[in-house]
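Q: I would like to learn how to read the fold and the internal cavities of a protein model. Where should I start?

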Amino acid sequence: QPGEDEALAGTPDVEDKGEAGSLGGATGFQIPTGPYMSGDLGGFFRLGGWGDTKDQFERRTKAQLYSNLQPWIGLTVGYDFMENVGAEVTLGSGFVSDAATIKGNAESPENYAITMVNVAVTGSYYMPFYKRLAITGKIFAGGAFLAPAPAPQALPIGFQAGIGGGVRWATLLTDVSIGFDVNSYWVFALGAGPLNIGEAEMGVPLIPAFSFCPVIKYQF
């Protein structure tokens, strides 16, 4: 019989067990860096806008607090230079329902898509108590295109900027992370009407909007 202080042959080291358990079974886990791609499929809505009243002669005169919830679809390509800093480019479209941009103009569409191309700087903070979980943030800017245009003969183009945040969890699948993002957008659409807060118009052709979505990220 072995002595009390002797380890049985083949018995796993208890300390190693504890380390593996603390990382969810990922012994020696390393945060991946380098190029990546991620896909977004979630929800989108804008603040403000104009809808129709029940009176057929008063079109686009009802102040909207926010539009109906519609899809957000996006594709992102990026590069993590280190575990905390990266950059990315996103092509995405958010859809707006029941919120025209121009008050009192019956030809201003209530339903339209805002397609955006963003360039972003990203940051991540990995939790010291669980290294595979991170809080993320980003700032971005780029161009915007409205389809259909805010009104006949109006320019459908503009630019936008915003900030976003979310969480990422590095799964035990090789180079795959999942998470959830919330982003805010300030779209300056050249042909759109001024931003409204209730009945009050602010004088700037601005469309504030939000998207939220689960994210699947693959690191190459």
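**Reading the barrel and its cavities**

Q: Which strand gives the largest share of the lining of the largest cavity?

A: That share, five residues, comes from β8. Before going further, note that this is a predicted model, in which local features need pLDDT of at least 70, side-chain atom pairs count only at pLDDT 80 or more, and totals for chains, interfaces and linings use all residues. Residues are numbered from 1 along each chain as its sequence is written, and side-chain values use heavy atoms, with hydrogens and water left out.

Q: How many helices and strands does the protein have?

A: Helices (H or I, at least four residues) and strands (E, at least two) are DSSP runs, numbered from the N terminus. Here there are one helix and 12 strands.

Q: How are the strands of the barrel ordered?

A: Two strands pair if DSSP finds at least two bridges between them. A closed barrel of eight strands runs β1-β4-β5-β6-β7-β8-β9-β12, with antiparallel pairing. From one strand to the next the twist averages 25°, taken between N-to-C directions of lines fitted to C-alpha atoms, on a scale from 0 to 180 degrees. Within the barrel, β9 and β12 are joined by 13 bridges in the antiparallel sense, and Val176 stands opposite Tyr218 in β12.

Q: How many cavities are there?

A: A cavity is a set of points on a 1 Å grid over the protein atoms alone where a 1.4 Å probe fits but cannot get out; lining residues have an atom within 4 Å of a point. Points are joined across faces, edges and corners, and the volume is the space filled by probe spheres set on them. The count is two cavities of 30 Å³ or more.

Q: What lines the largest cavity?

A: This cavity holds about 390 Å³. It has 32 lining residues, and the closest to its centre are Tyr36, Ser124, Thr136, Arg168 and Lys217. At least two lining residues come from each of β1, β4, β5, β6, β7, β8, β9 and β12. By class, the lining has 10 nonpolar, 13 polar and nine charged residues; Ala, Val, Leu, Ile, Met, Phe, Trp, Tyr, Cys and Pro count as nonpolar, Asp, Glu, Lys and Arg as charged, and the others, Gly among them, as polar.

Q: Which residues line the second largest cavity?

A: They are Asp40, Trp72, Thr90, Asn118, Lys138, Phe140, Asn183 and Tyr185. The volume of the second largest cavity is about 50 Å³, and its lining divides into three nonpolar, three polar and two charged residues.

Conventions: On a 1 Å grid over the protein atoms alone, a cavity is a set of points where a 1.4 Å probe fits but cannot get out, and a pocket is an open set with protein on both sides within 12 Å along at least five of seven lines; lining residues have an atom within 4 Å of a point.
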